[in-house]
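I opened the model with a short list of things to look up. My notes follow in the order I took them.

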Amino acid sequence: MTTCIPAGTGKLHFRARDFNAQGCRKASWVTFSELSWSRGVSKFLQIQRCNSSQSPINESSKPFRTVTSSSLRDGSTKYFDFTVIGSGVAGLRYALEVSKYGSVAVITKAEPHESNTNYAQGGVSAVLCPSDSVESHVQDTIVAGAYLCDEETVRVVCTEGPERIRELIAMGASFDHGEDGNLHLAREGGHSHHRIVHAADMTGREIERALLEAVLRDPNIFMFQHHFAIDLLTSQDGSETVCLGVDTLNTKTLEVIRFISKVTLLASGGAGQIYPTTTNPPVATGDGIAMAHRAQAVVSNMEFVQFHPTALADEGLPVKPSNPRENAFLITEAVRGDGGILYNLDMERFMPLYDERAELAPRDVVARSIDDQLKKRNEKYVLLDISHKPRDKILSHFPNIAAECLRGGLDITRQPIPVVPAAHYMCGGVRAGLHGETNVQGLYVAGEVACTGLHGANRLASNSLLEALVFARRAVQPSIDHMKSSSLDFRASTWWSRPVVPMSLERNVINKILTITREVRKELQSIMWNYVGIVRSTTRLEAAEQKIHDLEAKWEDYLFRLGWEPTMVGLEACEMRNFFCCAKMVVSSALARHESRGLHYTIDFPHVEESERLPTIIFPCSSVKSTWSSRQLHNQPIC
């Protein structure tokens with residue numbers, strides 16, 4: 001079921017649209033007074049939950065630091081005060097704060113540094129210049145978000161941002177400074193002022209480095225790397241859904257490890273890998289959003305997928321990479337902010353034809369403009385030229401980009417860069433209040449996995465790291481309060497059935513399952529790119545919906561005929577079910593929005609409609625016919 005809520009109003013109205021997330025269709029009008037996006041999230045979201053039976057999915061874990069006996073009861077179950085899922089900026093910043101009050105497990109899918117944070121080039125936006133103002137940052141964010149942002153959330157983030165930057169610096173993060181000794185502030189598309197704090201073109205990597213070093217020095221934080229989170233462990237307490245931890249799979253040892261905790265922070269990033277061309281690393285398979293949806297958390301604004309206008313187009317390089325990239329190489333927004341100009345292959349500048357802001361227009365505008373040029377001219381990429389700027393400044397501002405292009409035989413100080421749009425950021429996610437709280441008690445969210453109301457219909461450049469820092473910090477106090485009012489029941493580990501690694505299946509069967517899953521993954525990515533891309537239509541979205549439905553049914557039928565069981569877990573199979581879960585939410589949300597706003601552009605409704613200026617809300621519902629991707633794999637206990 002999808003509903004819409006007016007942002008920033010004193011009353012909460014939501015309208016059900018014809019939406020099928022898990023086989024649930026329902027239409028109703030409801031009004032609650034004194035409720036907005038950022039207030040009373042838990043109370044509002046509880047009321048509209050559909051009756052459902054649940055069953056979470058599970059996997060396992062491996063410690064980076066030696067785990068003390070007080071933190072685990074047996075080898076397959078571990079007990080912590082706080083569990084953090086994800087090791088990007090949001091998860092690490094939160095862990096460093098709550099570790100002052102209890103034990104913390106940080107669960108990360110691959111290596112600790114492998115996150116979207118590590119690939120963030122541009123920087124962090126914050127008002128740090130006397131000529132700038134919070135009000136200006138607020139307005140830039142709201143305009144870029146196509147007026148779908150929650151204004152209270154925007155003001156909170158823009159106001160608290162500068163202090164979060166100062167905290168990073170105090171922790172050892174090193175940012176670029178100008179000749180005057182002050183922080184060098186860059187400007188990017190959609191910003192009216194220079195306000196981007198950066199470390200050359202490797203800002204995310206520098207922030208991740210500083211945070212990881214601090215985490216590894218903290219005796220209360222335990223890192224579990226190569227642990228894939230399968231499903232959240234939830235129970236029902238009356239009308240409340242309560243989160244009590246997570247099941248994980250140690251992908252190195254194939255052990256299923258259960259984490260029982262008083263508080264869980266979901267900071268697992270986005271779902272860029274549901275598209276074949278994305279700047280996101282391979283770990284960004286939508287696991288957190290899918291897990292939360294299955295655990296009855298409310299999800300919002302999934303139609304707003306941001307395509308970064310400028311990823312490196314390898315086919316335009318003089319020397320092509322010997323192997324295909326796992327993720328596209330990002331050419332930061334800051335290149336255009338520094339004066340980069342976009343040309344088609346005839347070296348005709350085209351952005352002024354589309355928007356008076358030209359190359360400094362927001363990302364959704366630039367991405368659609370490039371897409372239009374490519375389709376009209378039947379070309380594979382466009383050119384981004386910064387070579388008219390002084391060579392020393394180019395190399396000092398963009399050393400990483402210069403080095404990567406040089407490996408492809410291209411000198412960006414003398415030649416234009418071939419670029420093409422790529423899936424980059426999910427503006428939608430798990431719906432959160434002003435302190436990262438969700439409608440599931442004990443579950444908090446921060447970073448790209450969350451939908452806080454900040455980004456609206458389109459994220460302003462360099463607001464993502466800012467949001468992660470602000471909400472990671474804001475989630476701390478309510479998490480501590482919840483932790484102190486809760487107690488760990490060492491019997492809790494037995495409340496849920498455990499997932500099973502498919503050791504009973506023969507090797508040739510496992511190989512068949514892996515082969516078909518990889519083929520299905522590519523097919524789903526192709527459907528999303530061709531039917532649910534930068535420019536959409538109702539006909540193509542409906543076709544995508546049917547194709548995804550048929551593909552999922554075919555895949556599940558194949559697995560189960562080979563002996564796979566619903567309680568079985570494996571990395572690629574579980575990632576695939578998360579792919580399906582997220583893809584279906586993107587398509588259904590896009591079909592529900594009958595206008596073009598921000599990142600969602602449809603030729604059937606090409607204009608902005610004031611009556612549609614409402615967030616899209618997905619309330620989870622279960623049905624007998626729900627698919628494997630839509631339900632948890634264990635039965636939910638009643639408290």
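I began with the side chain of N439, working in a predicted model. A polar atom of that side chain lies 2.9 Å from the backbone oxygen of Q296. I then looked for a second backbone partner and found the nitrogen of V298, 3.0 Å from a polar atom of the N439 side chain. Where does N439 sit? I placed N439 in the loop between β19 (429–431) and β20 (443–445). Is N439 buried or exposed? Its relative accessibility is 0%, so I logged N439 as buried.

Next I turned to the nonpolar cores. The largest one has 76 residues. I noted the residues with the most contacts inside this core: Y275, L524, M528, W555 and V586. Which helix gives the most to this core? I traced that to α17 (residues 571–592), which supplies 13 residues. Another core, of 51 residues, lies apart from the largest one. I found V104, A126, V215 and L465 among its members.

I went back to W555 and listed what it touches, leaving out residues up to four places away in sequence. The list reads I516, T517, V520, A573, M576, R577, F580 and W628.

Last, I checked a small piece of sheet. It is open, has three strands in the order β7-β9-β8, and pairs antiparallel. β7 (124–125) and β8 (185–186) are the edge strands. Each has a single partner strand, so one side of each lacks a neighbour in the sheet. I found two bridges between β7 and β9 (residues 196–197). In one pairing, V124 has V197 of β9 as its bridge partner.

Note on methods
Residues are numbered from 1 along each chain as its sequence is written. This is a predicted model: local features need pLDDT of at least 70, side-chain atom pairs count only at pLDDT 80 or more; totals for chains, interfaces and linings use all residues. Side-chain values use heavy atoms; hydrogens and water are left out. Helices (H or I, at least four residues) and strands (E, at least two) are DSSP runs, numbered from the N terminus. Buried means under 20% relative accessible area, exposed over 50%, partly exposed in between (1.4 Å probe, protein chains only). A polar contact is a pair of N or O atoms within 3.5 Å; within protein, one must be able to donate a hydrogen and the other to accept it, and residues adjacent in sequence count only if both atoms are side-chain atoms. A nonpolar core is a set of buried Ala, Val, Leu, Ile, Met, Phe, Trp, Tyr and Cys residues joined through side-chain atoms within 4.5 Å. Contact means heavy atoms within 4.5 Å. Two strands pair if DSSP finds at least two bridges between them.
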